[in-house]
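Subject: Structure handover

Hello,

Here is the structure for you to look at. My notes on what was found in it follow below.

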Amino acid sequence: METKRLETLKQIADGIAAQFGSNCEVVIHEVNSSRMDHSIVYIVNGHVSGRKVGDGASQVVLEQMLNHDAQPRDHLGYLTKTPEGKILKSSSLYIRNSKGVVVAILSINYDVSALTMIRQTIDAMLSTHDQVQAEPERIINVNNVLDELVEQSVALVGKPVALMNKDDKIKAIRFLNESGAFLVTKSGDKVAKYFGISKYTLYSYIDANKK
């Protein structure tokens with residue numbers, strides 16, 4: 001990323017954090033498809049999500065960056081959830097260069113946990129019938145997201161790895177590929193070992209999913 005652009009984004013990040021206080025985390029990601037697991041180059045109030053410079057993007061961002069059928073679009077005012085259970089109101093803005101290529105992401109995460117509890121109390125007092133609240137999207141450090149995605153792939157197939165046949169493993173690996181698992185550094189080695197196949201077989205299964 002150009003130094004001038006980074007300094008401008010840092011200035012904006014500092015301003016937003018100062019305006020909204022210590023509950024407001026502002027993160028700058030440098031976009032590089034081979035290093036999205038170490039994409040954070042600047043963060044203010046990192047205690048909100050527990051991340052720091054050198055950590056990676058969340059699964060929400062990974063999925064956006066993996067969608068090759070459409071340009072990533074700003075994702076504004078959505079709910080996320082940290083591993084510790086904090087509820088955050090988040091926005092992700094995709095910063096492009098003069099050629100329209102995404103080079104950075106400015107993410108804002110505001111801890112609304114206390115406000116959510118107050119709202120739930122008020123809703124409970126005013127409501128006359130049961131109301132279902134949508135589950136917030138989880139904000140997961142990409143360093144932990146691979147394990148999460150592997151568990152999801154096994155659940156999708158519906159049987160343990162030891163009982164999976166070739167088609168089952170191809171289905172699981174298709175899910176991992178589409179979910180951005182292979183953007184994580186050395187994920188291929190871990191996935192191949194987990195499913196008891198060689199790296200060559202793993203790549204052949206990925207290619208099979210593209211046909």
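How exposed is Tyr194, in terms of relative accessibility? Tyr194 counts as partly exposed, at 42% relative accessibility. Please keep in mind that this is a predicted model.

Starting with the overall layout, the chain has 211 residues, and 43% of them are buried. It holds seven helices and six strands. Their order along the sequence is α-β-β-α-β-β-β-α-β-α-α-α-α. If contacts are taken between residues at least 6 apart in sequence, 52% of them join residues at least 24 apart. The area that the chain exposes is about 12200 Å², and 52% of it is supplied by carbon and sulfur atoms.

Back to the aromatic residues. One aromatic pair turns up when the whole structure is searched. Its members are Tyr194 and Phe195, set edge-to-face with 75° between the planes and 5.3 Å from centre to centre. Tyr194 is partly exposed, whereas Phe195 is buried at 1% relative accessibility.

Next, the charged pairs. Side chains of opposite charge can pair when their charged atoms come close. The count of salt bridges here is seven, and I describe some of them below.

Asp189 and Lys199 form a salt bridge in which the closest N and O atoms are 2.8 Å apart. Asp189 belongs to helix α6 (residues 187-194) and Lys199 to helix α7 (residues 199-210), so this pair ties together parts that are 10 residues apart in sequence. Both ends are partly exposed: Asp189 has 42% relative accessibility, and Lys199 has 33%.

Arg51 and Glu25 also meet through their side chains in a salt bridge, at 3.2 Å from N to O. Arg51 sits in the loop between β2 (40-44) and α2 (59-66), while Glu25 is in strand β1 (residues 24-30), so the pair ties together parts 26 residues apart in sequence. Are the two residues buried or exposed? Arg51 counts as buried, at 8% relative accessibility. Glu25 is buried as well, at 0%.

Another salt bridge joins the side chains of Lys10 and Glu7, with 3.7 Å from N to O. Lys10 and Glu7 are three residues apart in helix α1 (residues 3-20), which means that about one helical turn separates them. Glu7 is partly exposed, its relative accessible area being 44%.

Glu25 comes up again in the surroundings of Ser107. Ser107 is in strand β5 (residues 102-111) and counts as buried, at 4% relative accessibility. Which residues does Ser107 touch, leaving aside those up to four places away in sequence? The residues touched are Glu25, Val26, Val27, His29, Ser91 and Ser92. Of these, Glu25 is the partner of Arg51 in the salt bridge described above. Strand β1 spans residues 24-30, so the place to look for Glu25 when you view Ser107 is that strand.

Last, the surface. A nonpolar patch of about 570 Å² is made there by Leu115, Ile118, Ile122, Met125 and Leu126. Ile118, one of these residues, is in helix α3, which covers residues 113-126.

For a first look, I would ask you to view the Tyr194 and Phe195 pair, then the salt bridge of Arg51 and Glu25, and then the patch that includes Ile118.

Regards

Definitions and conventions. Residues numbered from 1 in each chain as written. Predicted model: local features only at pLDDT ≥ 70, side-chain atom pairs only at ≥ 80, totals over all residues. Heavy atoms only, no water. Patch = residues over 30% accessible without salt bridge, like charges linked within 9 Å, V, L, I, M, F, W, Y side chains within 5 Å. Areas by Shrake-Rupley, 256 points an atom, 1.4 Å probe, with all protein chains shown as cover. Salt bridge = Lys/Arg side-chain N within 4 Å of Asp/Glu carboxyl O. Helix = DSSP H or I, 4+ residues; strand = E, 2+ residues; numbered from the N terminus. Buried < 20%, exposed > 50% of the residue type's maximum accessible area, 1.4 Å probe, protein only. Contact = heavy atoms within 4.5 Å. Phe/Tyr/Trp six-rings, centres within 6.5 Å; stacked < 30°, edge-to-face > 60°.
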